[in-house]
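Subject: A structure for you to look at

Hi there,

Here is the structure I promised to pass on to you. Have a look at it first, and then read on for what turned up in it.

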Amino acid sequence: MIPEDGLVVVAARRDEAQAAAAALVAHAAAAIEERSMGRNRILVFGRFGDDAAARSAVVALRSAGWPAVVRPLAGGHLT
């Protein structure tokens with residue numbers, strides 16, 4: 001069975017992490033997780049109820065200036 005959930009990833013500076021998480025929550029992300037990617041970079045992950053909601057959130061986040069992308073929950077290089 002293929003999961004219906006959507007995963008959105010926002011890249012941010014470390015000092016932007018809270019704002020990125022808040023932006024994801026404002027667009028209905030159900031769960032937030034942060035992962036450090038180096039000295040001053042962080043990836044903020046937001047889980048959405050379905051792929052359509054995730055894609056809609058990415059459009060809104062990009063319009064607000066956030067570098068955001070929808071990623072698969074499984075498969076590819078993320079597993």
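**Asn40 and the turn around it**

At a relative accessibility of 38%, Asn40 counts as partly exposed, because that value falls between the 20% under which a residue is buried and the 50% over which it is exposed. Before going further, please keep in mind that this is a predicted model. Asn40 sits in the loop between β2 and β3. Leaving aside neighbours within four places in sequence, Asn40 is in contact with Ala12, Arg13 and Arg14. Another residue to look at from here is Asp15: it is 25 residues away from Asn40 along the chain, and the two C-alpha atoms are separated by 8.0 Å.

The two strands on either side of this loop, β2 and β3, form a hairpin with 4 residues between them. In that turn, Gly38 has a positive phi of about 145°.

**The whole chain**

Now take a step back. The chain has 2 helices and 4 strands, and along the sequence they follow the pattern β-α-β-β-α-β. There are 79 residues in the chain, and 30% of them are buried. The accessible surface comes to about 4,900 Å², and carbon and sulfur atoms account for 54% of that surface.

How much of the contact in the chain, counting separations of 6 or more, comes from residues 24 or more positions apart? The share is 60%.

**How the strands pair**

Strand β3 (residues 41-48) is a good one to follow by eye. With strand β2 (residues 31-36), β3 pairs in the antiparallel sense over 6 bridges. With strand β1 (residues 6-13), β3 also pairs in the antiparallel sense, here over 8 bridges.

You can pick out some of the partners one by one:

- Ser36 stands opposite Ile42 in β3.
- Glu34 has Val44 in β3 as its bridge partner.
- Val10 stands opposite Val44 in β3.

So you will meet Val44 twice in that list, once with Glu34 and once with Val10.

**Two residues in helix α2**

Next, find helix α2, which covers residues 51-63. Val58 lies in this helix. Is Val58 buried or exposed? Val58 is buried, because its relative accessible area of 7% is under the 20% cut-off. Not counting residues up to four places away in sequence, Val58 touches Val8, Ala68, Val69 and Val70. The C-alpha atoms of Val58 and His27 are separated by 9.0 Å, and these two residues are 31 apart along the chain.

Arg62 is found in helix α2 as well. With residues up to four places away in sequence left out, Arg62 touches Ala68 and Val69. Arg62 and Val10 are 52 residues apart along the chain, while their C-alpha atoms are separated by 9.4 Å.

**A residue with a positive phi**

Most residues other than glycine have a negative phi. With that in mind, turn to Ala28, where phi is near 80°, a positive value in a residue other than glycine. Where is Ala28 in the chain? Ala28 is in the loop between α1 (17-26) and β2. Ala28 counts as exposed because its relative accessible area of 56% is over the 50% cut-off.

**The largest pocket**

One last stop. Rolling a probe the size of a water molecule over the atoms shows where empty space is left. The largest pocket has a volume of about 240 Å³. It is lined by 10 residues, and the closest to its centre are Leu7, Glu33, Arg35, Phe45 and Leu73. The elements that give two or more residues to this lining are β2 and β3, and β2 gives the most, with 4 residues. By type, the lining divides into 6 nonpolar, 1 polar and 3 charged residues.

If you would like a route through the model, start at Asn40 in the loop between β2 and β3, go on to Val58 in helix α2, and finish at the lining of the largest pocket, where Phe45 is one of the residues closest to the centre.

Enjoy exploring, and write back with any questions!

Best wishes

Terms used. Residues numbered from 1 in each chain as written. Predicted model: local features only at pLDDT ≥ 70, side-chain atom pairs only at ≥ 80, totals over all residues. Heavy atoms only, no water. Pairing = 2+ DSSP bridges. Buried < 20%, exposed > 50% of the residue type's maximum accessible area, 1.4 Å probe, protein only. Contact = heavy atoms within 4.5 Å. Areas by Shrake-Rupley, 256 points an atom, 1.4 Å probe, with all protein chains shown as cover. 1 Å grid on protein atoms, 1.4 Å probe; cavity = no way out; pocket = protein on both sides within 12 Å on 5 of 7 lines; lining within 4 Å. Points joined across faces, edges and corners; volume = space filled by probe spheres on them. Nonpolar A, V, L, I, M, F, W, Y, C, P; charged D, E, K, R; others polar.
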